[in-house]
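Hi,

Here is the model I promised to pass on. Have a look at it first, and my notes follow underneath.

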Amino acid sequence: MEKNIALELKNITKTFGSVVANKNISLQVRKGEILSILGENGSGKTTLMNMVSGIYFPDSGQIFADGKEIVIASPKDAFNHKIGMIHQHFKLVDVFSAAENIVLGLADEKKFDMPAYVEKIKEITEQYGFELDPHKKIYEMSVSEKQTVEIIKVLFRGADILILDEPTAVLTPQETVKLFKVLRNMRDAGKAIIIITHKLHEVLSLSDNVAVLRKGEYVGTVKTAETNESELTEMMVGKKVSLNIERSEPTNCEDRLIVENIKCVNRDGIKLLDNVSFEARSGEILGIAGIAGSGQRELLEAIAGLQHLDGGSVFYNNPETGEKENLRDKTPLEIRQMGVRLAFVPEDRLGMGLVGNMDIIDNMMLRSYKKGKSMFLQRKSPKTLAEKIIESLEVVTPSATTPVRRLSGGNVQKILVGREIASSPTVLMAAYPVRGLDINSSYTIYNLLNEQKQKGAAVIFVGEDLDVLIELCDRIMVIGSGRITGIVDGRNTTKEEIGILMTKSAEDKGDEQ
Amino acid sequence: MIITIIQRAVMQGTPLLLGSTGEILTEKSGHLNLGIPGIMYVGAISGVAGSFLYENSLANPAAINPFLAVFIPLICSLLGSVLMGLIYCFLTVTLRANQNVTGLALTTFGIGIGNFFGGSLIKLVNLDVPSIALSTTSTIFKTPLPFADKLGWFGDIFLSYGFLVYVAIIVAILSSFILNKTRTGLHLRAVGESPETADAAGINVTKYKYLSTCIGSAIAGLGGLYYVMDYANGVWSNNGFGDRGWLSIALVIFSVWRPSVSILGSILFGFLYVIPTYIPNISVSAKKLFEMLPYVVTIIVLIITSMRNKKENQPPAALGLPYFREER
C-alpha cells in the first residue's frame with residue numbers, strides 16, 4: 001500500500017511577508033486515488049498546490065514523488081516529475097486551435113508534425129472519454145471545453161499526478177457531471193488526482209480521501225466513506241471565536257430595499273444570480289455570507305445600478321416621500337437623481353472606489369463635483385470633508401493632498417467609508433470592508449457601520465469571516481452559487497449552520513439532474 | 001508600357017515588402033516597432049557607407065570585385081539595422097519602456113543618423129550635387145537574372161530585377177512558412193498573443209522577443225539598402241527615402257499580418273505609388289491624391305477587418321503591451 005504513494009508533502013511552510021499561508025502541512029496522495037483538498041477562501045489550498053506545480057517555492061519542508069525527494073523550482077520541474085496543474089484561470093491562446101495550444105512549448109526533439117499530434121490528442125480523448133475537437137479555436141469554445149483543453153495539455157505531457165484548482169467553479173451542473181466521469185476514468189487508469197474545492201457535496205461524491213485546511217493549517221485527512229457533511233463542515237470552519245463586537249438592538253425597522261427575484265446570466269450562460277429575493281431593513285445590518293464569487297459582487301452592483309439584470313426588480317422605499325421606486329436598469333446617476341441616498345463601498349477599493357493617483361480632497365470631489373455651480377472646481381467643501389474624515393477616523397496621512405495610493409490599506413478604506421457615509425446614506429453597502437486591515441482599523445469600520453445602523457440606514461455587509469458576521473449582523477443571508485440558501489438570525493445561529501448553507505445550493509442543483 | 005508599369009510597381013514595392021515582412025515578424029512577438037522607418041534609413045546609410053569606403057579604396061572602379069561589392073554593403077546594412085533593433089529591444093523588452101515612444105524616437109534618430117552620415121559623405125566627395133553616386137556597386141546590385149532579356153515579356157516581368165527583389169519575396173514566403181508551419185512560429189505567435197501563456201508553457205519569452213525584433217529589423221534594413229543600391233541607382237541623397245517606412249507599417253495592417261499577402265500588397269502599393277507618373281498631363285495636386293491612396297486603402301482594410309471582427313484578422317492580442325513576469 002505505502003509503495004503506491006504518488007506524491008507526499010512533509011511539513012511544508014510558506015509565508016508571504018508576515019502572513020503565513022501554509023504552516024507545517026503534510027499530506028499524501030496515492031496512485032489511483034482522488035484526494036480533495038477542502039477549505040474556505042484563504043485557507044491556503046491554492047498556495048499549497050502552487051508549490052507542488054512550481055509557481056511558488058516552499059520556505060521549508062520536503063516534497064516526495066514516488067518515494068524520492070524532489071525539488072520543484074519551476075513549472076518545468078513539475079512537468080518533469082509528471083505533475084500537472086490545471087489552474088482556475090486558463091492559460092490558453094485564443095486564436096490557436098485546441099491542438100496548437102496543447103503542443104505549445106513542447107520541446108521534444110522530434111519533427112513538428114501536427115497531424116501526428118492531433119492523432120495522439122484523439123487517442124487521449126478516447127481513452128478517458130473527453131469530448132473535444134482538436135481543430136476548434138479556443139475563442140469559439142465554452143468554458144468547459146477550454147478546461148478540457150487544459151486537462152489534455154497536462155495529460156499530453158505525460159502527467160501522472162493531476163491537480164485541479166476549483167475545477168467546477170465555472171461549470172454548469174451537467175458539465176460538472178461529465179468532468180467527474182472523466183476524472184473517475186483517469187483515477188481508474190492509475191492517475192493520482194488532487195482537486196481543490198470548497199464544495200462539500202463534490203467532495204463526498206467524487207473523492208476517496210479528503211484533506212482539510214483551515215487558515216493555512218492542516219486539520220486532518222479523512223476517508224470520504226467514513227465521514228459526513230457536518231463533520232467536514234466543522235473541520236473546515238472550526239470552533240467559534242469570540243470577538244466582542246458591539247451590537248445594538250435594531251430600531252425603527254422598515255423595509256428599505258426590496259429585491260425581488262433578480263436574475264443575472266453571464267455570457268457563457270452561467271447564472272450569477274438566480275432568483276434572488278430579500279429585504280434590507282432600516283436600522284439593521286444585513287450580513288451576506290458565502291464563498292467568494294458566489295454572486296455577492298453582482299448582487300451589490302445590481303443594486304448600485306452597475307450590473308445589467310436579466311429579470312426581477314429592485315424596489316426602494318423612499319422614507320421621505322413614502323414612494324416605492326424601482327431601481328432596476330437605472331444608472332448610478334439616475335438613482336441619485338431620484339433622491340436615493342445609496343452608498344457603496346466596493347470590494348476593489350483603488351479600482352472602483354477611489355482614484356489612487358489623486359489626493360484625498362480630489363477623491364472626495366468624485367462624489368460631489370456635480371454640485372458645483374461655476375465652471376471652476378470648488379475645493380472648499382471637499383477640503384473640509386477630507387479634513388473632517390482624517391481627524392475623526394484617525395487616518396494616518398502626511399496631509400489631505402497626499403495621493404491616496406501612498407496610504408496603507410486601512411487608511412484607504414477609512415477614507416472610502418468616510419466619504420460614503422458623509423452623504424448620510426439610507427442604504428450603505430460594504431463589500432469586504434475589513435479585508436487586509438489590521439485589528440484596530442477593522443474595529444473602527446465595525447463602529448462606523450454600527451453608527452450608520454443606529455442612524456437608521458439599511459446596512460448591507462458582505463463578509464468572509466463568519467465570526468465577524470455572527471457578532472456584527474442582525475440577520476445573515478447566505479448566498480451559494482447565485483442563490484439565497486438561507487437567511488438566519490445573527491443572534492442565535494452557529495458557524496456550522498452557516499457553513500452548511502454556504503455549500504448547499506450547488507448540491508440542490510446537482511440533485512436536479 | 002504595361003510591362004514598364006509592372007516593373008516599376010515591383011521595384012517600388014520591394015522596399016515596402018522587406019519593411020513590412022520585418023515589421024510583421026516583430027509584431028508577431030507583441031512589439032509594435034514604429035522605429036521601422038528609422039531602421040530602414042540606417043540600413044540604407046550603413047550599406048552606403050560600407051560601399052563608399054570600399055569603392056574609394058580602389059584605384060580603378062573597373063577592378064571592383066563583384067562579390068565584395070555586394071557583400072560589404074550587405075553586412076554593413078545588416079549590422080546597422082540589427083544594432084537599431086537591439087536598442088529597441090533593450091528599451092522595450094528589458095526596460096519595458098513604452099513601445100510607441102521608443103519606436104518614434106528611433107525613427108527620428110535613424111533619419112537623423114542617415115542624413116548626418118549622408119551629409120558627411122557628400123562633403124567628402126566635394127561634388128556640386130548634394131548626393132553620392134555609387135554607380136559601380138549599383139550596377140552589380142541591379143544585375144538581372146540570366147535570360148531576362150531573351151524571354152520577351154516573361155523575362156521582363158519576372159526575371160529583370162536585381163537579386164534583392166527575389167530575396168524579398170523568398171524571405172516573405174519563408175516567414176509565412178515559419179510562422180504557420182513550424183514549432184518556432186507557433187511559439188513566436190504564442191508570445192505575441194499571450195506572453196503569460198507562453199511563459200507558463202516553458203517558452204523563453206524574452207529570447208523570442210529579442211530574436212524576432214532583431215531579425216525583423218535586419219530584414220527591414222535590407223529594404224533601405226535595396227532602395228539606394230537598386231531603385232535609386234546607387235544615389236544617396238538626404239531624405240530621398242521619403243515615407244516608405246510608414247508605408248511599410250501601413251502594409252502590415254493591409255496584409256492583416258500575413259507576409260504572403262504582403263507580397264501582393266507591396267506590388268499594389270507600388271502600383272499606386274508609380275501610377276501618377278504614367279498619367280499624361282496630371283496636375284501636381286492630383287499626384288498628391290494618388291500618393292494618399294495606399295493609406296486610404298489601409299484605413300478601408302482596417303475598417304473592414306474591424307467590422308468583420310474575425311479573430312484571426314486582428315493584431316496579435318498582446319501587441320504593444322509590456323510583459324511583466326511577476327504579474328502572473
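Which residue just after α4(B) takes a positive phi? That would be B:Asn126, at about 60 degrees. Bear in mind throughout that this is a predicted model.

Staying with α4(B) for a moment: its length checks out. The helix has 27 residues, which at 1.5 Å a residue should span 39 Å, and the end C-alpha atoms are indeed 39 Å apart. Its buried residues are B:Gln99, B:Thr102, B:Gly103, B:Leu106, B:Thr107, B:Gly110, B:Ile111, B:Gly114, B:Phe117 and B:Gly118. The cover over them includes α2, α3 (66-94), β2 (235-237) and α11 of chain B.

That brings me to α11 of chain B, residues 244-254, which is mostly covered, with nine of its 11 residues buried. Among them are B:Arg244, B:Leu247, B:Ile249 and B:Phe254. Helices that contribute to covering the buried part include α1 (2-28), α2 (36-57), α4 (99-125), α10 (205-231), α12 (259-274) and α13 (284-308), again from chain B. Just past the end of α11(B) there is another positive phi, about 35 degrees, at B:Val256.

I also looked at how α2(B) packs on α11(B). Their axes come within 8 Å and cross at roughly 130 degrees, so the two helices are oblique to each other. The crossing is right-handed. On the α2(B) side the contact uses B:Ile36, B:Pro37 and B:Met40, and these meet B:Arg244, B:Gly245, B:Trp246, B:Ser248 and B:Ile249 of α11(B). By class, that makes five nonpolar residues, two polar and one charged.

Over in chain A, two backbone oddities are worth a look. A:Asn11 is not a glycine, yet has a positive phi of about 50 degrees, and the residue sits in strand β1 (residues 5-16) of chain A. A:Asn11 counts as partly exposed because it has 14 C-beta neighbours inside 10 Å. The other is A:Lys82, also not a glycine, with a positive phi near 65 degrees. You will find A:Lys82 in the loop between α2 (75-80) and β6 (83-86) of chain A; with 19 other C-beta atoms within 10 Å, A:Lys82 is partly exposed, as 20 would be needed to call a residue buried.

Last, the contact between the chains: chain A puts in 13 residues and chain B 17. The chain A side consists of eight nonpolar, one polar and four charged residues.

Cheers

Definitions and conventions. Residues are numbered from 1 along each chain as its sequence is written. Chains are lettered from A and ligands numbered from 1 in the order in which they are written. This is a predicted model: local features need pLDDT of at least 70, side-chain atom pairs count only at pLDDT 80 or more; totals for chains, interfaces and linings use all residues. Two residues are in contact if their C-beta atoms, placed from the backbone, lie within 7 Å. Ala, Val, Leu, Ile, Met, Phe, Trp, Tyr, Cys and Pro count as nonpolar, Asp, Glu, Lys and Arg as charged, and the others, Gly among them, as polar. A residue is buried if 20 or more other C-beta atoms lie within 10 Å of its own, exposed if 12 or fewer, and partly exposed in between; C-beta atoms are placed from the backbone. Helices (H or I, at least four residues) and strands (E, at least two) are DSSP runs, numbered from the N terminus. Axes are lines fitted to C-alpha atoms, for helices over the stretch in contact, and angles run from 0 to 180 degrees between N-to-C directions. Angles under 35 degrees count as roughly parallel, over 145 as roughly antiparallel, 65 to 115 as roughly perpendicular and the rest as oblique. A crossing is left-handed if the near helix is turned anticlockwise from the far one by less than a right angle, and right-handed if clockwise. The expected span of a helix is 1.5 Å times one less than its number of residues.
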